[in-house]
Each structure stands twice: as structure tokens, then as C-alpha cells.
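Take a look at the fold below. The report that follows walks through its rings, its cores and its sheets.

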Amino acid sequence: MELSAGDYLASIDLQGGGLRGLWHRGRPLVQTYPVGAPVPLSAGQVLAPWPNRTSDGVFAVDGNVYALPINEPARNNAIHGVCNTVEWEVVEAEAASVSKEAGEAENDREDKEARGSKQISEAAQQVHVRAQVGPQQGWPWRLEVGAKWSLRADAGLRVEWSAQNLGEHRQPFGLGWHPYLSALGAPLDECQLQLQPVETSVPLDPQKMVPCGVEVPVDETWDLTGGIPMAGVQMDHCFGVWPHSEAPVAPARSRSSVSLLNERGEGVQMRAGGEFGWYQVYVADPVNGGGYPEVGRAVAVEPMTCPADALRSGRGLVWLEPAESRAFYVELRCIEG
């Protein structure tokens with residue numbers, strides 16, 4: 001499914017409900033993959049009803065113990081929820097082009113990129129999709145996750161997620177998103193990454209990649225506030241955007257911002273609502289056997305409402321009462337020099 005507005009073009013993958021691609025004047029703001037192809041390295045996927053890892057797949061709620069399927073066997077973890085494994089349903093599309101043939105949509109996109117000129121299109125397009133989760137192994141609750149993807153010529157892409165408890169008992173919930181950012185196609189080693197605000201770094205067990213200690217001030221690890229050159233950087237770290245020993249500020253009055261810029265100061269900016277209190281930053285690299293296809297080094301910057309292992313620790317979890325719903329948003333736009 002494609003959305004087009006002004007100089008922007010976005011592609012939503014209904015298998016998994018994530019963002020397949022986002023371009024500005026034919027230049028990428030996220031790393032993409034071919035239509036219909038398996039999603040590489042969780043690119044653009046929606047991570048719910050928990051993001052990141054649950055150690056050994058085991059957690060407890062209200063005295064009951066649950067065992068999730070292990071889908072990261074090397075570390076014996078359950079990772080990234082289940083919303084990225086199901087087909088999402090289109091609820092409503094407003095001035096959005098829904099392609100019946102994936103190949104036709106891809107050809108249109110390639111034509112636009114090849115021309116490299118401003119496309120005449122709607123000023124704004126929107127599509128609302130949703131997926132239902134459970135009950136299933138390790139997840140006895142019923143949940144609906146929705147996503148409204150909106151593309152505006154003057155503002156770029158905005159996604160508003162919703163989570164509603166369809167069951168009769170309270171249930172835990174966590175949300176994350178897994179885009180690999182691109183500074184208009186520039187090699188990662190020529191870019192600088194900035195995250196604001198960022199307060200803490202969460203120590204991770206190097207084997208299980210789940211939290212294993214007390215958060216430390218970010219300047220003791222990677223100080224992303226002023227921006228860091230990404231040349232040669234290896235990273236798989238979790239960061240907190242406020243001091244989590246304190247009560248977070250009201251989400252309506254806070255948000256975080258991530259920028260990946262090339263040497264000319266151009267690239268992409270991601271802004272997330274205050275509900276997203278943590279980020280996982282991961283560099284895919286062929287040196288480590290995990291480069292991004294056709295690209296090599298690439299950086300995933302993942303906003304999360306809770307850190308890894310939250311189903312076990314309870315940290316940052318949202319608790320949904322029966323019929324209760326919650327909303328979350330992230331925005332992406334082009335930064336031009």
C-alpha cells in the first residue's frame with residue numbers, strides 16, 4: 001500500500017503492518033526492501049504487544065506464569081511480539097492509493113524515484129489498518145492494535161498507534177517500532193546520529209541482551225545529545241530519554257527527537273511522543289554477520305514504551321483494563337540543508 005503527498009512517498013507493508021519505505025524526492029529516509037520479500041532484520045516492523053526481548057519467554061501476571069514461543073533461539077528469548085507476524089486489515093483509506101498488484105505499486109515508485117522531480121499528488125493521504133492478537137501460546141488475552149498512517153506534503157509521515165483490550169481481564173502492553181534510518185541514502189559512516197533528550201544508558205547482559213543492572217548517566221557510554229559520528233561505530237544499546245528513577249513528565253508535554261544527518265546536514269528526523277521512554281539503537285554490520293541487504297552498515301533506532309524484559313520486570317509496562325485503549329505516535333520528516 002502506498003501513500004503519496006507532495007515530495008513524499010511512503011509504502012506500508014500489510015504483512016506485519018510496518019513501514020516498508022519512505023522517500024523524499026526519490027531519496028530514502030528509511031532502509032527499504034522489495035515488495036513481497038521477507039522483511040530483513042525486522043526493518044520498519046511494529047513490535048507489540050511487547051518490544052525487544054523477553055528472557056526465556058517466561059513471565060508472570062497476577063500469579064499466573066506464561067511461556068511465549070522462543071523465536072530468538074541463540075539467546076533463548078521471545079523477541080518483538082507478534083504483530084509483525086500477522087496480516088493487517090485495512091479499515092479505511094482517505095485519498096490513499098491501495099494497490100491490488102504489488103508489482104504495479106513498485107513500478108510506480110521506481111518511476112517516481114527515477115524522475116527525481118516533484119510529483120503532483122494529494123496534499124495529504126491517510127490509511128487506517130489494524131490487527132488482532134490472541135489468545136495464543138503464552139498470550140491468553142485478546143488485543144486490537146491499530147495504526148493510522150498519515151502522509152502530509154508539509155510535514156512528512158505520522159503514525160498513530162492504538163491498543164485496545166478486547167478481553168475481560170487486565171493485560172500488559174508494550175510497543176516499539178524498528179525503522180532503519182537513512183540520511184537520504186548516504187553511507188552510515190558519513191553520517192551523524194543525535195538523540196534528544198537522552199539521560200541514561202541501560203546496561204545489557206551481553207549474552208541475553210536484556211537489562212542487567214542500574215541505569216547509568218549516558219555520558220558514561222554514548223553521549224548522543226550533541227550527536228556522534230557513526231564512522232566505525234558498533235552499537236546495540238538501550239537509552240532512556242528521562243531519568244527513570246523519577247516519575248516521567250506528562251507525555252502531552254514531552255517528546256523525543258532523533259536525527260540522522262549526512263555531511264551536508266541533510267537527512268531524516270524522527271519525533272516520538274512522551275509515551276516512548278526508551279530507545280534501542282542497533283548497528284547492523286557485515287563485520288558481525290548481520291549487515292543490511294544491499295546496504296551493509298545501517299542503524300536501527302527503535303522507540304519503545306518499555307525496555308527489554310519488561311514483561312518480567314514490569315518496567316514501563318502499560319496496563320490495559322477491559323475495553324481500555326491507549327494511543328501513541330511517531331513522526332518522520334526530511335531535513336534539508
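Which residues do ring pairs link into a cluster? In this predicted model, the cluster consists of Trp149, Trp161, Phe173, Trp177, Phe276 and Phe328. Across the whole structure, a search finds 13 aromatic pairs. Such a pair is described by the distance of the ring centres and the angle of the planes.

**Charges over rings**

Aromatic rings also meet charged side chains here. Two cases, both with arginine, are listed below.

| Charged residue | Ring below it | Distance to ring centre |
|---|---|---|
| Arg158 | Tyr329 | 4.2 Å |
| Arg170 | Trp319 | 3.9 Å |

**The nonpolar cores**

In soluble globular proteins, nonpolar side chains tend to be buried together. The largest nonpolar core of this model holds 79 residues. Those with the most contacts inside this core are Leu19, Leu22, Trp149, Trp161, Phe173 and Leu332. Strand S12 gives the largest share of the core, with five residues. Another core lies apart from it and has seven residues, among them Tyr180, Ala284, Tyr292 and Ala300.

Phe173 belongs to the ring cluster and to the most connected residues of the largest core. What does Phe173 touch, not counting residues up to four places away in sequence? The list is Ala48, Pro49, Leu143, Val145, Ala163, Leu317, Val318, Leu320 and Phe328.

**The nine-stranded sheet**

Strands of a sheet pair through backbone hydrogen bonds, either parallel or antiparallel. One open sheet has nine strands in the order S10-S11-S12-S13-S27-S23-S22-S17-S20, with antiparallel pairing. Strand S10 (89–94) and strand S20 (228–229) are at its edges; each has a single partner strand, so one side of each has no neighbour in the sheet. Within this sheet, strand S12 (residues 143–152) and strand S13 (residues 156–165) run antiparallel and are joined by 10 bridges. There, Leu151 stands opposite Leu157 of S13.

**The four-stranded sheet**

A further open sheet follows the order S1-S2-S3-S4, again with antiparallel pairing. Its edge strands, S1 (2–5) and S4 (27–28), pair on one side only.

S1 and S2 are joined by four bridges. Leu3 stands opposite Ala10 in S2. The two strands form a hairpin with two residues between them, where Gly6 takes a positive phi near 60°.

S2 (residues 8–13) also pairs with S3, over six bridges. Leu9 has Trp23 of S3 as its bridge partner, and Asp13 has Gly18. S2 and S3 form a hairpin too, with four residues between them. In that turn, Gly16 has a positive phi of about 100°.

Why is S2 described as largely enclosed by the rest of the structure? Because six of its six residues are buried. Tyr8, Ala10 and Ile12 point one way from the strand, while Leu9, Ser11 and Asp13 point the other way. All of these residues are buried.

**His24 in strand S3**

Strand S3 (residues 18–24) includes His24. Is His24 buried or exposed? Its relative accessibility is 5%, so His24 counts as buried; the cut-off for buried is under 20%. Beyond neighbours within four places in sequence, His24 is in contact with Asp7, Tyr8, Leu29, Cys334 and Glu336. Of these contacts, Tyr8 is a residue of S2.

Key
Residues are numbered from 1 along each chain as its sequence is written. This is a predicted model: local features need pLDDT of at least 70, side-chain atom pairs count only at pLDDT 80 or more; totals for chains, interfaces and linings use all residues. Side-chain values use heavy atoms; hydrogens and water are left out. Buried means under 20% relative accessible area, exposed over 50%, partly exposed in between (1.4 Å probe, protein chains only). Contact means heavy atoms within 4.5 Å. Two strands pair if DSSP finds at least two bridges between them. Rings of Phe, Tyr and Trp (its six-membered ring) pair if their centres lie within 6.5 Å; planes under 30 degrees apart count as stacked, over 60 as edge-to-face and the rest as tilted. A charge sits over a ring if NZ of Lys or CZ of Arg is within 6 Å of the ring centre and within 35 degrees of the ring normal. A nonpolar core is a set of buried Ala, Val, Leu, Ile, Met, Phe, Trp, Tyr and Cys residues joined through side-chain atoms within 4.5 Å.
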